[in-house]
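Biologist: Could you walk me through this one? I have not looked at it before.
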Amino acid sequence: MNSLFSLSIILGSRYAMNNWIIFGYLSIEAIDMRCSFIKIHSKQFTPWLLAIFLISGFTAQTQKVELTRIDPPFWWAGMNNPNLQLMVYGEQISKTIPVISYDGIQIRELIHVESPNYLFINLLFSPEVKPGMMNIEFQENGNTKASCRYEIKQRKTDPTRFHGFDNSDVIYLLMPDRFANGDPSNDDAPGMTEKADRKNPNGRHGGDIKGITNHFDYLNELGVTAIWTNPMLENNMPAFSYHGYAITDLYMIDPRFGTNQDYVNMVDEAHKNGLKVLMDMVFNHLGTEYYWKNDLPMQDWYNQWPEFTRSNYRGGVVSDPHAAKADYDIMVRGWFDTSMADLNQHNHLLAEFLITNSIWWIEYAGLDGIRQDTYPYPYSDFMALWMKRLLEEYPYYNVVGEVWLSDPQSVAYWENNIINKDGYRSNLTNVFDFPLMQAISSAFNEEEGWDKGAAKLWDIISQDYVYTDPMHLVTFADNHDGDRIYSKLGEDDNKFKLAMTFLLTTRGIPQLYYGSEIMMTGKEHKGHGDIRKDFPGGWSDDTSNAFTREGRTREQNNAFDFMKKLLHWRQTNTAVQSGKLTHYIPENGIYVYFRYNDEGSVMVMLNNTNEEKTVDLSRFSENLHGYSKGRSVLDRTGFDQLTEIKISPKSPLIVELLK
Ligand code: CA
């Protein structure tokens, strides 16, 4: 059981039994990671205390005050931003005045809100603040009603922290509930409503943190360099809680995955294995079962409607100069789902709460990056403020936004340095390349034509002028929200190899979806469970274990080996990671492009036809200049001349050029 959870149960039950009172001895009753709460117990009353009690005019009926939690549960000395907003929650806590005595920290502002059970404390840190335990006493008429020891931690000084991800990386997206069950004992964590049911495609299957860390060697063997996990914060929802996008506690890892400390250890272990970790964050909505559901700090904490109003999901409305206000309102203020309460980030206390939460996780876990969900759905000015604040704290950081729009112009609206015609500047460092994903999904299925087949890839890439830096796009062929790439390509191994070669050699930072390397299948119209199936071998009773060579079929090993070869080669080749791109209009079903920098040049040729072709290379002389031969990356074939090259049907060819 998580320590916080056990604490609230202990406090709740003791409260009921003993009537916590407001006066008397201070004693430490319980300690957890958030605070050590100091409570006063009625049986500790002595006659002289009672006398003072009577003289001061108090009665035993004085309204009780309880301190339940403080968010964030701790902070650090030496952050760039000297301000910190604490959200204190507890019965009637707003009736108290917090008093602190700690060198270099002062209360700048107290904010009371509609609910008497919240108190917002704005603290100001001097640059000289030292790590330690800060006592916060919550007083009423000079009497301490509750108190808390709040930890000010030492920041880790490792200079490699917070450097983000870049073009040398390949990100592996995995769904924690569906990857591997390393600890069956947490499948039905106490206090969590939904229990494990592996037979239910929409239920919880038991995957967890241990399942992820157990397979870092697999990820290393494959050759990816970063993991992005779907959200792992508590989703204590009655159903569909496995995917993680209905968060019910922004400060706690879901106990079915492990503890907060397990998560921090996972990030540390990933770093030791050369893997970066991206956390999936959601600022648009929270699960409707969030602990404050019946006691919102303010009524405008959520975007409220007279009756349930669903978002129109038309992200383009935010950048549309002709948009009707009614459409905009429904897009941004409408709810993503009945189970997901829409947050009003124009409430400045909530905005600060979200910003603080993201910085807390980055600092606490040593995260390398963030994937932010449903990017156009929160208020865009808030998102720009969030990014600004993040980059002020972590100047080399990366966030990739899910801007699920189908044309490059619409996606580019959300990219960092562009000042749009309406004045909007997002500050967002990276966006997913949804337009290219759509092109990949269809290009290799189509007959070649003027605007079909490989021309679709060329067409999307040719629109890169709209981006500040197209190299920062996160490219992908599939993710947890759509058909798996192998299914999209009709389970055709050759098309799959073409698609993966393109993804790993064109511009951008590639992202793979777990299981694609073993050609897992899934169609979204069959339900989300079909595209989020368990990785075979992640459960001890699985009949095969695809994490091992022996457990994979011949075809799966073929695909895995192909991916492994490409990924390990990519790790060593800076030209293909971040070199310039020159591409040529596809001709006769052949798409040819070059990636090059001062260290070398790579020619990629994709034959999207069903015939073997002989390609005359004279057309590419501007990129071949200075090179006389080459070597195939995939099969090490040497080319001792660069005049013409034969390429097999529906096949990729990657040639490292040699002088
Ligand atoms: Ca488990």
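Modeller: Let me begin with one residue: Asp208 is buried, with a relative accessible area of 0%, where buried means under 20%, exposed over 50% and partly exposed in between, using a 1.4 Å probe and protein chains only. Please keep in mind that this is a predicted model, in which local features need pLDDT of at least 70, side-chain atom pairs count only at pLDDT 80 or more, and totals for chains, interfaces and linings use all residues. Residues are numbered from 1 along each chain as its sequence is written, and side-chain values use heavy atoms, with hydrogens and water left out.

Biologist: Which protein donors does the calcium ion have?

Modeller: They are Asn181 (OD1), Asp183 (O), Asn186 (OD1), Asp187 (OD), Gly206 (O) and Asp208 (OD), at 2.3 to 2.6 Å from the ion; donors are N, O and S atoms within 2.8 Å of the metal (3.2 Å for Na, K and Ca), and water is not among the atoms, so sites may look incomplete.

Biologist: And where do Asp183 and Asp208 sit along the chain?

Modeller: Both are in the loop between helix H3 (176-179) and helix H4 (209-213), 25 residues apart, and the pair links distant parts of the chain; helices (H or I, at least four residues) and strands (E, at least two) are DSSP runs, numbered from the N terminus.

Biologist: Is Asp183 buried, exposed or partly exposed?

Modeller: Asp183 is partly exposed, with a relative accessible area of 25%, whereas Asp208 is buried.

Biologist: New topic: which residues of H11 make the contact with H12?

Modeller: On the H11 side they are Pro435, Leu436, Ala439, Ile440, Ser442 and Ala443, with contact meaning heavy atoms within 4.5 Å.
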